[in-house]
Amino acid sequence: MSLQKKTVHFSPPQWIVFGFILLIFIGMILLALPQSSADGESVGLIDALFMAVSAVCVTGLAVLEPGSDFSYFGQTVILLLVQLGGLGFMIFGVTVAILVGKVMGLKYRLLLQPTTNTFSARGIFRLAMTILLLALALEAVTALILTIHWSGEMGWVEASYASIFHSVMAFNNAGFTLFDNSMEDYLGDPLVNVSLSALFITGGLGFMVLVDLFRKRSLRKLSLHSKLVLVTSGSLLIGGFLFLFMVELFNPATEGLSLTERLLAAYFQSATPRSAGFNTVDIGNMLVASQFFIIVLMFIGASTGGTGGGIKTNTFAIIVLATINTFRSGHQVHAFHRKIALETVMRALAVVVSSLAWIIGTTLLLSITEGLHNVHFLTTLFDVVSGFSTAGLSMGLTEELSPIGKIIMMITMFVGRLGPLTLAYLLTYKQRPSRINYPEDKVLIG
C-alpha cells in the first residue's frame, strides 16, 4: 500500500496572515530584549507582544511609552515594524526580488495582489515599485520639513531622528510618538499640524487612488473607486471639522485657546480619527458628543488599499448610496453615472455587519474583564473601536488593561488590520458555490 504525499496549498490571504504573524513574532522577540528597553531590563513578553502587534497592525495603541520606555534600538524596531506592516511586507519582498533580477510567476503576482488591493494582477510589480518609491519620497520630504522646523528646538541630530520617526508613523497611520503627550505641545503650530496631517491623509487614501492621481492627473479621468474615496474623505474631513469646532466651543476645557488654536485643533482631530492616532488635545477632556463623533469617524476609518483601518470610506459610501437608492425605490446603486454591482454592495454590507459584531462582542468582553476597574462604558467602546480600526487614539483604557484584556485587544487589532472578509476568506476559500437554486419568497422588513 503506497502512501502519497499530500501537498498543502495556501491561498494568498493565508500567506499574508502567516507573514503578519511571523513579523509580529520577530518583533516581540526583539522588543523583549534588554537592549530594547530604556532601563536595560526586558519589558516582558506580554507587553513586547502587544507593542509588536500594535506596530505591525499600524495601530499605535501602547501599553508602554515608545519615547521613554524604549531605547533607540527599541524605537527603531518599532519604526521598522510599522513601515513593514503599513506598506506591506510583500511589497518590500517583491521589490527586492525585482531589483536583483528574479523573475516572478503568476503565483507571486496573486500573492502581491491582496496587499495592494488592486483589481488585476497585471502590472502588479510596476505598481509595487511605484507605491514604495512614492511612500518613501513623501516620508522623506515631510521628514526634511520637520527637521528644519524642529532643529532650533532639539538640535539637528535629535530633530532629524524625531522627524523620520514621526513621518514614518504619519504616512503609515500609526499613532506612536516619541512625546509622552502625543502632539499636544504643538497644538498651535500650523506647520506640524499641516505637514503631519497631509501625510497621514495621503497614506490613508489608498495606494490605488494615489497611483490613479499620479498617472491620470485629471479628476474626470479617475476611476469610480478613486472618485468615491476622494469625495467621501473630503466630506468627512470638512464635516468633522465643522462639527468638532462648533461643539467644542461650549467645552470649558478649551476656554483658554485662541481662535487659531481652536481651528487647528478641530481640523487635526477631524483628520486623525481616520486611523492616524496622533492628537493635539487630550481626548479625555473633550465633550461626550465629540468623543462619540470621533468613535464614528474611527469606525469609518481610511480607504481600501491605504495604511489605515476601519470599514473604509468607500465601503461607507456604498452603504449610504444603497440606502438612498432603497428609499428612492431605485433598481440599481449608482454613482458618477456608473452602476455599482450588487455583489459589491453585499460585500460592503458584510464588512459593516461583521465589524459591528466584532466591536460589540469585544466591548462586552472588556466590560467584563476590566469591569473591576470601574471603567466607563464610553471609554471601553472608544478604545475597542480605536483598536479594531487601527486608529491608535485612547481615552486611557489601553494603558490599564489586564493581561487578558491585552490579549483581547491584540486579537482585535489583528482582526481589524486584516479585515473581517480577509479572515473569512482565509477560513472558507475552498468552499464551492451551491448548485441548489431556492424559490424566492418575501420577508417583512421594518
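Is T398 buried or exposed? T398 is buried, with a relative accessible area of 1%. Here, buried means under 20% relative accessible area, exposed means over 50%, and partly exposed lies in between, with a 1.4 Å probe and protein chains only. The model is predicted, so local features need pLDDT of at least 70 and side-chain atom pairs count only at pLDDT 80 or more, while totals for chains, interfaces and linings use all residues. Residues are numbered from 1 along each chain as its sequence is written, and side-chain values use heavy atoms, with hydrogens and water left out.

The protein contains 18 helices and two strands. Both kinds of element are DSSP runs, numbered from the N terminus: helices are H or I with at least four residues, and strands are E with at least two. The protein has 446 residues, and 51% of them count as buried. Its exposed surface is about 22,500 Å², of which carbon and sulfur atoms supply 66%. Accessible areas come from the Shrake-Rupley method with a 1.4 Å probe; for residues, only the protein chains shown count as cover. Contacts were also examined, where contact means heavy atoms within 4.5 Å. Among contacts with a separation of 6 or more, 69% join residues 24 or more positions apart.

T398 sits in the loop between α16 and α17 (403-418). Leaving aside neighbours within four places in sequence, T398 is in contact with F50, L61, A62, V63 and D383. One of these partners, D383, is a buried residue of α16.

Helix α16 spans residues 377-388 and has 12 residues. From its first C-alpha to its last, α16 reaches 16 Å, close to the 16 Å expected at 1.5 Å a residue. The expected span of a helix is 1.5 Å times one less than its number of residues. Of the 12 residues of α16, 11 are buried, so the helix is largely enclosed by the rest of the structure. The buried residues include L378, L381, F382, V384, V385 and F388. Polar side chains appear in the list too, including T379, T380 and S386. Just after α16, T390 takes a positive phi of about 50°.

Helix α11 covers residues 224-247 and has 24 residues. The helix reaches 34 Å from its first C-alpha to its last, close to the 34 Å expected at 1.5 Å a residue. Buried residues in α11 include H225, L228, V229, L236, L244 and F245. G240 and V247 of α11 are buried as well.

Towards the start of the chain, helix α1 (residues 12-32) contains I26. I26 is partly exposed, with a relative accessible area of 41%. Together with L22, F25 and I29, I26 forms a nonpolar patch on the surface, with about 370 Å² of accessible area in total. Patches are made of residues with over 30% relative accessible area and no salt bridge; like charges are joined within 9 Å, and nonpolar side chains (Val, Leu, Ile, Met, Phe, Trp, Tyr) within 5 Å. A salt bridge is a side-chain nitrogen of Lys or Arg within 4 Å of a carboxyl oxygen of Asp or Glu.

P34 is found in the loop between α1 and α2. P34 is partly exposed, at 38% relative accessibility. Leaving aside neighbours within four places in sequence, P34 is in contact with G40, E41 and S42. P34 and F70 are 36 residues apart in sequence, and their C-alpha atoms are 9.6 Å apart in space.

S54 belongs to helix α2 (residues 45-56). S54 is buried, with a relative accessible area of 0%. Beyond neighbours within four places in sequence, S54 is in contact with T59, G60, L61, F176 and M413.

The structure holds eight aromatic pairs. In one of them, Y72 and Y161 are edge-to-face, 5.1 Å centre to centre with 85° between the planes. Y72 lies in helix α4 (residues 72-87) and Y161 in helix α8 (residues 156-171), so the pair ties together parts that are 89 residues apart in sequence. Y161 is partly exposed, at 22% relative accessibility. F200 and F268 form another edge-to-face pair, 5.7 Å centre to centre with 85° between the planes. This pair links distant parts of the chain: F200 is in helix α9 (residues 190-205) and F268 in helix α12 (residues 259-271), 68 residues apart. F200 is buried at 2% relative accessibility, and F268 is buried at 1%. Ring pairs also link W150, F179 and Y186 into a cluster. Rings of Phe, Tyr and Trp (its six-membered ring) pair if their centres lie within 6.5 Å; planes under 30 degrees apart count as stacked, over 60 as edge-to-face and the rest as tilted.
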